[in-house]
Amino acid sequence: MTAAPAAAFAPARRWPVAVLGATGTVGQAFVRLLADHPWFTLAEVAASERSTGRRYGDAVRWLEGPLPAAAAALEVLACTPDAVHAPIIFSALDASAAETIEADFARAGRVVFSNAKNYRMLPDVPLLVPEVNASHLAALPVQRTRLGWSGCGAIVTNANCAATAALLPLAALQAAFGLEQVFVVTMQAVSGAGYPGVPTLDILGNVIPFIGEEEEKIERELPKMLGRWSGAAIEPAAIDVSAHANRVPVEHGHTVCLSVRLERRATPADAIAVLTEWRGEPAARGLPTAPEHPIVIAASESRPQPRRDVGTGGGMSTVVGRVRADPIWDLRLVALSHNVIRGAAGGSVLNAELLAAQGGLPPA
Ligand SMILES: NC(=O)c1ccc[n+]([C@@H]2O[C@H](COP(=O)([O-])OP(=O)(O)OC[C@H]3O[C@@H](n4cnc5c(N)ncnc54)[C@H](OP(=O)(O)O)[C@@H]3O)[C@@H](O)[C@H]2O)c1
């Protein structure tokens, strides 16, 4: 698949889309983002048997901003391809349910944009971030044949939200200087744990230095996202990653402190120049959810801060600050990204836009 610029693309009709897991934290963000989307119409919502058969407005414990009226009136459906008819499926399912349900939809010819961990590491499943690895969409025909999906059936995944926070500055540095080793310490928001999430008495005034399987996800997903499509498999980049994951009492926004060892030496000024200019792959530019600047350099030396910076670029930009020399390796820096928007629902919607612009979705 070629990486043509997307700016000129405008579909003749909107695609009807469905959200699975629509009642959860990420599901609600999908409902908000799809309410006014120029290419997609939210036609169906689905969740567990706790919610099915009820009006979405009654089933959901709505967390943020006004609940779109059209969504509130929808009936919550069961997560099966018989009950849900849209050709495009945004999945915000818990991993315990995603494995079977997402495969059922792909087998039935639907294009599934998943936020769950289950299929991320398969060699022919893109772990897609359009500015970084749009070329990985070339894996879809191989995936379709190998896994036996019918028609346009496919699974396209999003990365772990903390890995996504680190990704954009690492991709820019990799392209300019080469990347050998990454050491990352995360400070992750409570919304990353879903709803109702972490108990209040565990997190108020506290830091929890453990998030189940998070460090492993960061360590394996970053090399895959920075890797290349060989024609048969997505080959991870030869980058060593060491991660420490912490949960902190922040509502939204994962902050990551990074130390990096580069292939070619770079000063902080060199790195800031690269990060400031970086726009990523042309294929991502002009898509409705793509931010004008995927990386934004923080306004002062005490930034980025979640409270002040998490909404930058509509929650789709990664804010980078504190770029400085590292006494052991080459550089250190801090990056902040909205875990529910860029790290989940907004990232998935951007992935669907990329596939739409490249002619990879079934006709509307
Ligand atoms: N939160 C984040 O920042 C973030 C970031 C990146 C990726 N993710 C991933 O995104 C997914 C959703 O996360 P979340 O934070 O939104 O979780 P959440 O708030 O716990 O929501 C989970 C959703 O899955 C539904 N569900 C659970 N079991 C089900 C089943 N057996 N059948 C059908 N539906 C079922 C729930 O429906 P009911 O309400 O009916 O129970 C709910 O809609 C997870 O895989 C998570 O790892 C989350």
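**Exercise 1. Determine which exposure class Cys257 belongs to and whether its sulfur is placed to form a disulfide.**

Solution. Cys257 has a relative accessible area of 28%, so this residue counts as partly exposed. The structure is a predicted model, and the cysteine pairing is read from its coordinates. The closest cysteine sulfur to that of Cys257 belongs to Cys161 and lies 16 Å away. A disulfide requires two cysteine sulfur atoms within 2.5 Å; the separation is therefore too far for a bond. By this rule the count of disulfides is zero. Cys161 is likewise in no disulfide, its nearest cysteine sulfur being that of Cys257. Cys161, at a relative accessible area of 15%, is buried.

**Exercise 2. Describe how helix α7 crosses helix α10, and classify the residues of the contact.**

Solution. Begin with the geometry: the axes of α7 (residues 161-177) and α10 (residues 268-277) come within 9 Å and cross at roughly 115°. The range from 65 to 115 degrees counts as roughly perpendicular, and the two helices are therefore roughly perpendicular to each other. Their crossing is right-handed. Next, list the participants: α7 contributes Pro169, Ala172, Leu173, Ala176 and Phe177, while α10 contributes Asp270, Ala271, Val274 and Leu275. Finally, sort these residues by class: eight are nonpolar, none is polar and one is charged.

**Exercise 3. Describe the crossing of α7 with α9, then establish the surroundings of Ala162.**

Solution. The axes of α7 and α9 come within 9 Å, with a crossing angle of roughly 35°. The passage of α7 across α9 is right-handed. On the α7 side the contact involves Ala162, Ala163, Ala166, Leu167 and Leu170; on the α9 side, Glu214, Ile218, Glu221, Leu222 and Met225. These residues divide into eight nonpolar, no polar and two charged. The spacing of such contacts may be read against helix geometry: an α-helix has 3.6 residues a turn, so residues three or four places apart point the same way.

Ala162, a residue of α7, is buried at 1% relative accessibility. Once residues up to four places away in sequence are set aside, Ala162 touches Thr186, Gln188, Glu214, Ile218, His254 and Val256.

**Exercise 4. Locate Leu226 and identify what it contacts.**

Solution. Leu226 sits in the loop between α9 (214-225) and β8 (228-229). Its relative accessible area is 8%, so Leu226 is buried. Leaving out neighbours within four places in sequence, the contacts of Leu226 are Val132, Leu167, Leu170, Ala171, Gln174, Leu179, Ala237 and Ile239. Two of these residues, Leu167 and Leu170, also take part in the contact of α7 with α9.

**Exercise 5. Work out how α1 packs against α12 and what covers the buried residues of α1.**

Solution. The axes of α1 (residues 25-34) and α12 (residues 341-357) come within 9 Å and cross at roughly 45°. The helices are therefore oblique to each other, and α1 passes α12 in a right-handed crossing. The contact joins Val26, Ala29, Phe30, Arg32, Leu33 and Leu34 of α1 to Ile341, Ala344, Ala345, Gly346, Ser348 and Val349 of α12. By class, nine of these residues are nonpolar, two polar and one charged.

Turning to burial, eight of the 10 residues of α1 are buried, and the helix is mostly covered. The buried set is Thr25, Val26, Gly27, Gln28, Ala29, Phe30, Val31 and Leu34. Their cover includes β1 (15-20), β2 (40-47), α2 (56-59), α3 (69-72), β4 (88-91) and α12.

**Exercise 6. Identify the backbone features at Pro196, Pro304, Glu213 and Arg322.**

Solution. The reference expectation is that most residues other than glycine have a negative phi, and most peptide bonds are trans.

- The bond from Tyr195 to Pro196 is cis, with omega near 0°; Pro196 lies in the loop between β7 (179-187) and α8 (200-203).
- The bond from Arg303 to Pro304 is cis, with omega near 10°; Pro304 lies in the loop between β12 (295-297) and α11 (306-309).
- Glu213 has a positive phi, near 65°. Glu213 belongs to the loop between α8 and α9 and is partly exposed at 30% relative accessibility.
- Arg322 has a positive phi, near 55°. Arg322 is placed in strand β13 (residues 318-325) and is partly exposed at 41% relative accessibility.

Definitions and conventions: Residues are numbered from 1 along each chain as its sequence is written. This is a predicted model: local features need pLDDT of at least 70, side-chain atom pairs count only at pLDDT 80 or more; totals for chains, interfaces and linings use all residues. Side-chain values use heavy atoms; hydrogens and water are left out. Axes are lines fitted to C-alpha atoms, for helices over the stretch in contact, and angles run from 0 to 180 degrees between N-to-C directions. Helices (H or I, at least four residues) and strands (E, at least two) are DSSP runs, numbered from the N terminus. Angles under 35 degrees count as roughly parallel, over 145 as roughly antiparallel, 65 to 115 as roughly perpendicular and the rest as oblique. A crossing is left-handed if the near helix is turned anticlockwise from the far one by less than a right angle, and right-handed if clockwise. Contact means heavy atoms within 4.5 Å. Ala, Val, Leu, Ile, Met, Phe, Trp, Tyr, Cys and Pro count as nonpolar, Asp, Glu, Lys and Arg as charged, and the others, Gly among them, as polar. Buried means under 20% relative accessible area, exposed over 50%, partly exposed in between (1.4 Å probe, protein chains only).
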